[in-house]
Amino acid sequence: MSTLDRSAINWIRLNFCDPFGFLQQISVRSHEITEDAFKNGIPRLDGSSIRGFKEIYESDMLLRPDPSTFAILPEYFDKDHHRKDGTYSSSSARMFVDIYEGFSGKRYDRDSRYIAKKAEEAAKNMGFEKSFWGPELEFFVFDKVRLLPSPMSTVNCSGGSGYSIESAEAPWNHENGSGYTIPFKGGYFPAPPADSLTDFRDEVSETLQHFFDIKVDAHHHEVATAGQCEIQMLYDELVPMSDKVMTYKKTVKETAAKRGMIANFMPKPVALDNGSGMHVSQSLWKTVKGENVNEFYDSADEYAELSQTALYYIGGLIEHAKALCPITNPTTNSYRRLVPGYEAPINVAWSKMNRSASIRIPAHFRHMEKGKRIEYRTPDPSSNIYLVESALLLAGLDGIKKKLQPPGHVDKDIYKLSEHEKKDLGIKKLPTSLLDAIGSLESDREFLKPAFTNDFLDMYCEIKKDEHAKVASVPSAREFYMYSNV
C-alpha cells in the first residue's frame, strides 16, 4: 500500500481480458485496494454483463488484484489536471485481476488468466519449469474510418453497407494524402517521409518501457500500405507475456486516439493488401544443475539445431493445427487473411528460415542456444493472447507426450507449389472459414483438457458460430457488385 500512498494515486484501473480478447476495466478508489482485497477479492463484477461469462441468476463475482502487475498509467494533462483535449484527468494506476466465483470463492474456469496458469502448470507437470513466448503483433494506424452510410444502417442493412479508410500513406487517398504514398505490398521498411508513423511507434515504445517496464527490441513499418506497423517486445513467460500484449494493444490504441487516429488490429481491414498477423515464438526450458537449459536446442542436429523434444512439439502443432484455428484466428475476418497471395501461412508445414511455412525455425546464426525457438505464424492479433499461448503450449505438449514425429521439413516456396506437389509432401491446408475451423475444434479438443473445460469450449464454439451466422447472412458490397445483374 505504500506504493499507492507515495504515488498519490486516486484511481486504480482493474483490468481483465474477456474470453474473446477484449480488455475490460473497472476503476476503484485507491483506498479499496487493501490487504483484504488481495486476499479475498473485490466484489465489483457482474458476470452476466460480460459476454461468455455468467447467467443473470449467478452474476456475483470477485476481482482479486495481482500486485505484480501494478503500474502507474501515463496521463496527458495540463497544470489544471485537464487532458490536452479538454477533459478532466487524475493520477491513476492499473492492475490485472484474477477472477473468482462469488460466494464459493473458487477460481473461475472461464477466466483467461486462469486458463493460462493451468497451461503453465501442465508444462511444469511434464518437467518443463518455464516456457518463453514472443508474440509479434502487426496492426494498422488509420487517419479515419467511416461506416457507410451509418453504423445503424450497416447493422440493419436497410440502405446498403460498407466502410471507408483514410490514410495519408494510402494510394487511394489522393485528396487527403501526403504525396508520399506507399503502394500495395510496398510498405516493408521504408524510411520517412513515406513511413509517416516512425514517431508514433517511438512514443508507443517509450511509453511501454517507461510506464510498464516492457522492453521493445525494434519497430518498423510493415508490408501493407495505410499505416501497417509492428513493434517487437522482448520475450517473457506465458502469463506475464499475455499481460504485456494486452498492455501493448491498449497503449497503441490510446496513443493513436490521442493523435486523432485509429489503431486497428483486424486481421484483414484492407482489401488487396497484406493482413496483420501475430507470429508467436515459443520455447520450453528446464533447470539442469542450476542452469537454465533450452529444451528445443541440440547442437548435434545438422538441419536446424533442433532437439527431439522440439520436433515432437512441432508434431503436436501440426497434428492440431486445424483445431487451433478458432482460438488463434477467431473472427470471420481472420479467414480473409488466410488466403493465397498475401504471405499468410495457409499451408501446414515446418521449415528453417521459411516464411511460407506455418511453422518457421529462425536461424539467423548457428549455435543460437538461447534464441532457439519455434515460430508459429498462423495466429492474428484479433485473438485472445492468453488462450492462444495456452492452446499452442498444450498442442506442443501433446506432441511430446505422444511422440508425434512431424513430416519432413519443406525448404521450398510453398506458395509456388502445385496442389499435387503439396499432396506429395504431405502439406495440409488450414480451414478456409470460421465455421470450418469450429468444426475442427469440436472434433479435436482432448489435447486442451488440462486447461480448457468442456463448459468453456462449448460456450466459445456457440458464440463463434453465431458470429459466423451474423456475417454470412449479410450481403456484402463485393457480392452486390458480382451478382447485382443476375
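These are my notebook entries on ring pairs, backbone oddities, one helix packing and one buried glutamate in a predicted model.

**Entry 1: aromatic pairs**

I began with the rings and found a count of 14 aromatic pairs. I looked up Phe20 with Tyr460, and this pair is stacked, with 5.6 Å from centre to centre and 15 degrees between the planes. The two residues are 440 apart in sequence: Phe20 sits in the loop between strand E1 (11-17) and strand E2 (23-29), while Tyr460 belongs to helix H13 (residues 454-472). I noted both Phe20 and Tyr460 as buried.

My next pair was Phe132 with Tyr235. Their ring centres are 5.4 Å apart and the planes stand at 75 degrees, so I wrote this pair down as edge-to-face, the cut-off being over 60 degrees. Phe132 is in strand E7 (residues 130-142) and Tyr235 is in the loop between strand E11 (228-233) and strand E12 (236-237), so the pair ties together parts 103 residues apart in sequence. Is each partner buried or partly exposed? Phe132 has 17% relative accessibility and counts as buried, whereas Tyr235, at 46%, counts as partly exposed.

I then went back to Phe20 and Tyr460, and found that they form one aromatic cluster with Phe452 and Phe456.

**Entry 2: charges over rings**

Which charged ends sit over the rings of Tyr100 and Phe265? Over Tyr100 I found the charged end of Arg107, 5.0 Å from the ring centre. Over Phe265 it is Lys249, with its charged end 5.2 Å from the ring centre.

**Entry 3: backbone oddities**

A reminder to myself: most peptide bonds are trans, and most residues other than glycine have a negative phi. With that in mind I looked at the peptide bond joining Pro192 and Pro193, which is cis, with omega about 10 degrees. Pro193 is placed in the loop between strand E9 (162-166) and helix H5 (198-212).

The loop between E9 and H5 also holds Phe189. Phe189 is not a glycine, yet its phi is positive, about 70 degrees. I have Phe189 down as exposed, because its relative accessibility is 52% and the cut-off is over 50%.

Lys289 was another non-glycine residue with a positive phi, near 55 degrees. I located Lys289 in the loop between strand E14 (278-288) and strand E15 (291-294). Its relative accessibility is 83%, so Lys289 counts as exposed.

**Entry 4: H3 against H6**

How do helix H3 (residues 112-125) and helix H6 (residues 238-258) pack? Their axes are 9 Å apart and make an angle of about 150 degrees. The cut-off is over 145 degrees, and H3 and H6 are therefore roughly antiparallel to each other.

I listed the residues that meet: Arg113, Ala116, Lys117 and Glu120 from H3, and Leu238, Val239 and Asp243 from H6. Sorted by class, this contact has 4 charged residues, 3 nonpolar and no polar ones.

**Entry 5: Glu305**

Last, I looked up Glu305, in the loop between E15 and helix H7 (308-319). Is Glu305 buried or exposed? I found a relative accessible area of 4%, so Glu305 is buried. Leaving out residues up to four places away in sequence, I found Glu305 touching Phe296, Tyr297, Asp298 and Ser299, as well as Arg366, His367, Met368 and Lys372.

Methods:
Residues are numbered from 1 along each chain as its sequence is written. This is a predicted model: local features need pLDDT of at least 70, side-chain atom pairs count only at pLDDT 80 or more; totals for chains, interfaces and linings use all residues. Side-chain values use heavy atoms; hydrogens and water are left out. Rings of Phe, Tyr and Trp (its six-membered ring) pair if their centres lie within 6.5 Å; planes under 30 degrees apart count as stacked, over 60 as edge-to-face and the rest as tilted. Helices (H or I, at least four residues) and strands (E, at least two) are DSSP runs, numbered from the N terminus. Buried means under 20% relative accessible area, exposed over 50%, partly exposed in between (1.4 Å probe, protein chains only). A charge sits over a ring if NZ of Lys or CZ of Arg is within 6 Å of the ring centre and within 35 degrees of the ring normal. Axes are lines fitted to C-alpha atoms, for helices over the stretch in contact, and angles run from 0 to 180 degrees between N-to-C directions. Angles under 35 degrees count as roughly parallel, over 145 as roughly antiparallel, 65 to 115 as roughly perpendicular and the rest as oblique. Contact means heavy atoms within 4.5 Å. Ala, Val, Leu, Ile, Met, Phe, Trp, Tyr, Cys and Pro count as nonpolar, Asp, Glu, Lys and Arg as charged, and the others, Gly among them, as polar.
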